[in-house]
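Here is a short report on one protein model. Please look over the sequence and the structure before reading on.

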Amino acid sequence: MMFSLARYAFSSLKIWRIQQIMARQSHIKQSPDFHDKYGNIVLASGTTFCVVAWVFLTTQMGIQWNPSPVGRVIPKEWNNQ
């Protein structure tokens with residue numbers, strides 16, 4: 001009984017997988033769309049823009065980045081009066 005139930009489940013799963021593959025193959029695009037033509041160019045130009053913007057920001061804007069003073073600050077002596 002258990003073997004026939006498992007065999008039925010496996011065969012129905014196999015049939016479902018074949019149907020899924022056939023449905024996916026029937027929806028294949030015949031001609032390239034915008035993303036196929038210009039996708040990599042848009043991605044590369046956006047990446048270049050972000051890198052250039054960050055390089056400009058970090059080198060030319062004059063932002064004081066305030067690195068950690070740990071190890072460079074010497075405490076002053078207490079002045080008890």
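## Burial and surface

Of the protein's 81 residues, 0% count as buried (under 20% relative accessible area; over 50% is exposed, partly exposed lies in between; 1.4 Å probe, protein chains only). The exposed surface comes to about 8,500 Å², and carbon and sulfur atoms supply 66% of it. Areas follow the Shrake-Rupley method with a 1.4 Å probe.

This is a predicted model: local features need pLDDT of at least 70, side-chain atom pairs count only at pLDDT 80 or more, and totals for chains, interfaces and linings use all residues. Residues are numbered from 1 along each chain as its sequence is written, and side-chain values use heavy atoms, leaving out hydrogens and water.

## Helix α2

The protein has two helices and zero strands (DSSP runs: H or I of at least four residues for helices, E of at least two for strands). With 27 residues, α2 spans 36 Å from first C-alpha to last. That is close to the expected 39 Å (1.5 Å times one less than the number of residues).

At asparagine 40, α2 bends by about 30° (the angle between axes fitted to the seven residues ending there and the seven starting there). Glycine 62 follows α2 and has a positive phi, near 75°.

## Aromatic pair

The structure holds one aromatic pair (ring centres within 6.5 Å; planes under 30 degrees apart are stacked, over 60 edge-to-face, the rest tilted). The rings of phenylalanine 34 and tyrosine 38 have centres 5.2 Å apart and planes at 50°, so the pair is tilted. These two are four residues apart in helix α2, about one helical turn.

## Nonpolar patch

Phe34, Tyr38, Ile41 and Val42 make a nonpolar surface patch of about 410 Å². Tyrosine 38 is partly exposed at 40% relative accessible area. Valine 42 lies in α2 (residues 34-60) and is partly exposed at 47%.

Key:
Patch = residues over 30% accessible without salt bridge, like charges linked within 9 Å, V, L, I, M, F, W, Y side chains within 5 Å. Salt bridge = Lys/Arg side-chain N within 4 Å of Asp/Glu carboxyl O. Phe/Tyr/Trp six-rings, centres within 6.5 Å; stacked < 30°, edge-to-face > 60°.
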